[in-house]
Every structure is written in structure tokens, then in C-alpha cells.
Amino acid sequence: MTNNLAQTNGADTLGRAKAYLRRFFGYREFRPAQEPVVKSLLDGQDTVAIMPTGAGKSICFQIPALLASGVAIVFSPLISLMKDQVDALSGQGVPAAFINSTLSPKEVANVLADAEEGRVRLLYVAPERIDDPWFAEAVSRMDVALVAVDEAHCLSQWGHDFRPSYRAIAPFIASLSRRPTVGAFTATATPEVRDDIIRLLGLRAPVIHVSGFDRPNLFFDVRRGEDKDKFLLRYVTARPDESGIVYAATRKQTDAVYALLKKRGVSVGRYHAGLPDEERRQMQEDFLYDRLTVMVATNAFGMGIDKSNVRYVIHYNMPKNVEAYYQEAGRAGRDGEPGQCVLLYAPGDVQTQRFLIERSIEDEARRTYENERLQRMVDYCHTPGCLRRFILEYFGEDAPESCENCSTCTAETETVDLTVDAQKVFSCVYRMRQHFGMALVAQVLTGSGSQRVKKFGFEKLSTFGLFKDRSQKEVNLLIQRLVATGYLTVEGEHSTLRLLPPSFPVLKSEAKVLLTLPKEPERAPIEATDALFDALKQERLRLAKEENVPAFVVFSDATLRDMCRLLPRSLDEMAEVKGVGEQKLRRYGETFLAVIRETADKT
Ligand code: ADP
């Protein structure tokens, strides 16, 4: 039995792949991680590609699909975004279509007929569609050369997005009259997930490509003991024109953060599983189309959000593990331009995640596994070393000691002697019999006359009011720092504060507490406003509105930045800009050249 994709093979296949890359996508070269994946698919080999978010997975199957002698079927989990992906491809002249429940039976029939007759080369479908007899019937008449399984970790129960419908893909492939080449794509690197993908898709001697997980354009930042609301407001309002995502751990928290930002006049949306479908869909679309600048969401928001110009991802709460974190944070800077990933850590976040694990997982072995992964996430928040190195090592990669692009490597720090303050806190925790949470300890230390303080008679403690000249928040922050640095721990359901062994010598004045704390860095907004970039963005927005597509479908931020760098003055020069392929050159080239001429002449 011949393999359709292998038939395309020839000495110059890679050359043709590159020509297509240029013609359809406007890129001169494959990224180093893409080329081997494209090559093994072109060679007709089943392929597993493990690539971090933003690495450019889609092109790895789109180019082989264009070169194949038959149809490529792409299984993708999210129907909501298929349309945007397909619109983007169509805008580039790629014959692509999708089938999902938003289409009428007649429209589905038309798409299937187009695929049968070769007018559609890339057919996006949700795996649920496999059960549809019409679909099966039509596919049996197609020449399927390639099956690409996007977000393939959905196959695995070990992954963070298990979808039972994905299990229907292997029988589907087996039912085809010719065995197509199969490519599986995911950003999840754990061995359990990878083995499941290979087994549950029935891959044959697959080639596995694990590409470098580093995303050099992302700046990683962990903030411990920060006043989260204040930080968030300051950060978001300093970047009024930049798209950002704020992740929170629970629906309640999402609603609260959303309200906070909205009250301050931020153009913000929210997304979580508790909202009506229609509202969620609308919010997602508004964010995608730049009608909303910031999205506050639980982790329900994300898979398939390939909006390329997200400039920052803030985690208001710590997520459940490093995979989830890297995937969510990786939604920043997919266009290769700088992106910031900020994690606001507070000890209570660990409690929330523990609680979620306890509540949602019955199997004990899985619970232990998840708790271990949670601990690694907590370690990330406390590592005194390079954050990028921590992440890369987690994914099994070597990394240099220092990256110069994370909060550890770039911090201006100062060493502060907190011994006396710490003694006061430890002593108070001890006198309260290590039985209460942070809030009450802070109330006692600040000398609050609250009901709870009185109820337990804590106003009689010698530590009562030791910090009466400080605010509750300041004292909370101090305590959080002592927790984050391992002097205190927060335990159990009630988040009880307890002393850890390093606090004992401090209490006895045998050791000092010297903390290296960041000096408040005043970071400039990432995107220095520049007249030409703004003018190009406005033109993009105008075209996007006219064509009813998200702005980045017209051109990505990276493309506009490249225009600012190259300042093309002719169509030939415009063709040199990264992301300007043939079709887009024809369609938008003159318009953007005019903007460049006009703005450059004015300035
Ligand atoms: P992933 O699915 O891996 O998260 P995407 O396929 O969405 O990533 O690609 C991320 C971004 O990188 C997109 O804006 C895409 O156009 C861009 N990109 C992909 N391949 C290349 C390339 N060879 N050169 C330049 N940019 C690329």
C-alpha cells in the first residue's frame, strides 16, 4: 500500500516546502524546530511533534498538507476557533475549510464535496464529527493523505485536557482505505502523555521531535508577597494598548479581578465555565478582535487561543503545575515580539490548588502525582535561581545558569535586615499557639480591636500592637515573605501559620533574617509608542473591521514591527517583510505602503 504523502517525496521536496512557506505565509525560512517535523511528515513517517506554544506547530502540518497528493484532515478540539484559523488560511490563499456544528447540513455537504473534489486541501474537524455517518461516508470517497492531530495531549488522561472524543481518531484512521501519514502535535512533554499519544493513536514507528522549549522573547517574572490588586492595576493601566490575559484560579476570583479592572475603566472581558455560553463566546471574540484589551479568565480560557499579539500573561494565582503554567504563560508573544509572563504568588494559592486536587481526583496514586507536580510549581515560585533555567530543566533541557531575561537575572536587589521584625512575627505566632491564620496574626501585631482578637483575649498578649504604626497589609506582606523564604509555613484547611525550624535560631537571636528583595523596578511599557507602528495598527484595524476578521489575521504585530524596521517603499521591498506572502502582498501591500510613505514623510 502506498502512502500518499511519501509519494510527494523527491530530492527537492524540502525546497518546494520552502517555496510554499514563502508564497503562502511570507516566511523565508522554517524555524529550526519546524524543519525536521515538516521533513519527516513529507517523508511519510508518523510524527509526534512536541513544541512549546508559539513555536509554530500549525505550519508544520499545513505545509505538508499543501504538498500532499490528497486531502489533509486536521483534528482540532475547539470549534470556536476553527473559523478564525480557516479565515486566516484563506486570507493567505490556502484552500482550507472547516466543519463544525455552526454550519448547516447544506454547508457541511458543500465543504465535503469540495474536499472530495480536491478544492479543499486542509479540512479542519472536531473529533466528535467522526460519529457522524455522513462524514464517514464522504471521507470514504476522499483520498486522505495526512491526518494531523492538534492538541494531541487531549488523548491522555494524564494530560490537562482529556477529551474522550479524541479516542475515536485511531479507529477512524484504521477505517480509511489507505493508511495516511499521521502527525500528532502538542506542547505537553511528559513521558506519560507522549506514550499515551503514540499508543492511543496507533502510530507506526513514529519519529518523535521534541523541540527546544525555550521562548527567548518571553520575560519571566515571579512576584512574591505583592499586593496583587495594586500591582495588577498599576501594570495593566500602564499598558492601555497592549493585549493581555490575567489568569485566576477560581470563578469567584475571576469575577473579582474583572470587577476591579472594569471599575478602573480598563477594556476588560471575563471568561469562565460558570458564564452562559453566549457571553463566553462573545467575550472571546471581542478579545480576539481587539475590541477588548484584557481578558480575565480561569484556565477554561485558552486552548486554541492563538491570538498572536498577546503582550503579557499575568497569573493572579499560581496554577496547578509547571506544564499548565508554561502553556498559559506561553500565550504571550506568539508573534515572536517581547512578551511578559508575571506570576503573582501568595501562599494561599497553594491551599487553593491542594483543595482543587483533593476535590477533583479520587484515585490516590493520581492525587499523589498531582501533589508532587504542584510542589514543583511552588518550587518555581521560590527558586532563588534563573526562572527560565528552572522551566527548561523541568522539561528535561539543559540551560545556562543565567538567562538575563527573567526577574531573577535582571533584578536590582538589595539586602534588608529583617531580624527584629521577624522575631516579632515568630514570637506572636508562637504565643497564638500556632493555631491561627495570617490575617489574625497581622491583626494582633497591628493592635486591632477586632471581635476575633477580643474573643480569644489576644489583646493581652505581649506581642499585641508591636506593629501599631503599620498597616495590616504591610504586616501581611512581611509575613508572606517569611513564609516564602521558609521560616513559616501555612498549613491545612484553615491556612494555619506555623513556625519552621529556621525560625528557632532567629527567636534566640542566634541567626539573622537577611532577605534579598527586589528594589521596585519601574519597567517601561514593552511597546514604546511609535508613530508609524500606531499608524500601521490603525490601518490594520480598519481593514480587519471591513473584512470582519481579527486584526492579527490581516498582519501580526511582528509583521508591522518588521515594516517599521525595513521601511519598504515598493512592493518588492514589501515582499521582504516577514509575514507578507503573495496573497497578502497583492491584497494589502499598496495600502500599507501608502501609510508608510505618509507617516514617514510627516516625521
Ligand atoms: P503554536 O500553534 O505552536 O502555538 P502557531 O502555529 O500559532 O504556534 O505559530 C505562532 C506564530 O509564529 C504565528 O504567528 C506564526 O505565523 C509564526 N510563525 C510560524 N512559523 C514561522 C516561521 N517559519 N517564521 C516566522 N514566523 C513563523
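Domain bounds here come from an automatic or database domain assignment. With that settled, here are the close-ups, all drawn from a predicted model.

**View 1. The protein is split into four stretches, domain 1 to domain 4.** Starting from the N-terminal side, domain 1 spans 6-210 and domain 2 spans 218-394. After those come domain 3, covering 413-518, and domain 4, covering 526-602. Take the C-alpha atoms of domain 3 and domain 4, and the centres of these two domains turn out to be 55 Å apart.

**View 2. A ligand sits in a shell of 14 residues.** Among the residues of this shell, the closest to the ligand are Tyr-27, Gln-34, Gly-54, Ser-58 and Arg-334. Sorted by class, the shell comes out as five nonpolar, five polar and four charged residues. If you're tracing the shell by secondary structure, look at helix α4 (residues 57-67), which gives the largest share with three residues.

**View 3. Gln-34, Gly-56 and Lys-57 each place a polar atom by the ligand.** Gln-34 does this with its side chain: one of its polar atoms is 2.8 Å from a ligand nitrogen. Gly-56 uses its backbone instead, with an N or O atom 3.0 Å from a ligand oxygen. Lys-57 also brings in a backbone N or O atom, and here the distance to an oxygen of the ligand is 2.9 Å. As for cover, the ligand on its own has 570 Å² of accessible area, and the protein hides 85% of that.

**View 4. One cavity of 30 Å³ or more turns up in the structure.** The largest cavity holds about 80 Å³ of space. Twelve residues line the largest cavity, and those closest to its centre are Ala-187, Phe-213, Glu-323, Tyr-326 and Gln-327.

**View 5. Domain 1 and domain 2 both help wall in the largest cavity.** Each of the two, domain 1 (6-210) and domain 2 (218-394), supplies at least three residues to the lining. As for chemistry, the lining of the largest cavity has five nonpolar residues, five polar ones and two charged ones. Glu-323, one of the residues closest to the cavity centre, belongs to the charged class, because Glu is counted there along with Asp, Lys and Arg.

Definitions and conventions: Residues are numbered from 1 along each chain as its sequence is written. This is a predicted model: local features need pLDDT of at least 70, side-chain atom pairs count only at pLDDT 80 or more; totals for chains, interfaces and linings use all residues. Side-chain values use heavy atoms; hydrogens and water are left out. On a 1 Å grid over the protein atoms alone, a cavity is a set of points where a 1.4 Å probe fits but cannot get out, and a pocket is an open set with protein on both sides within 12 Å along at least five of seven lines; lining residues have an atom within 4 Å of a point. Grid points are joined across faces, edges and corners, and a volume is the space filled by probe spheres set on the points. A residue is near a molecule or strand if one of its heavy atoms lies within 4 Å of it. A polar contact is a pair of N or O atoms within 3.5 Å; within protein, one must be able to donate a hydrogen and the other to accept it, and residues adjacent in sequence count only if both atoms are side-chain atoms. Accessible areas come from the Shrake-Rupley method with a 1.4 Å probe; for residues, only the protein chains shown count as cover. Helices (H or I, at least four residues) and strands (E, at least two) are DSSP runs, numbered from the N terminus.
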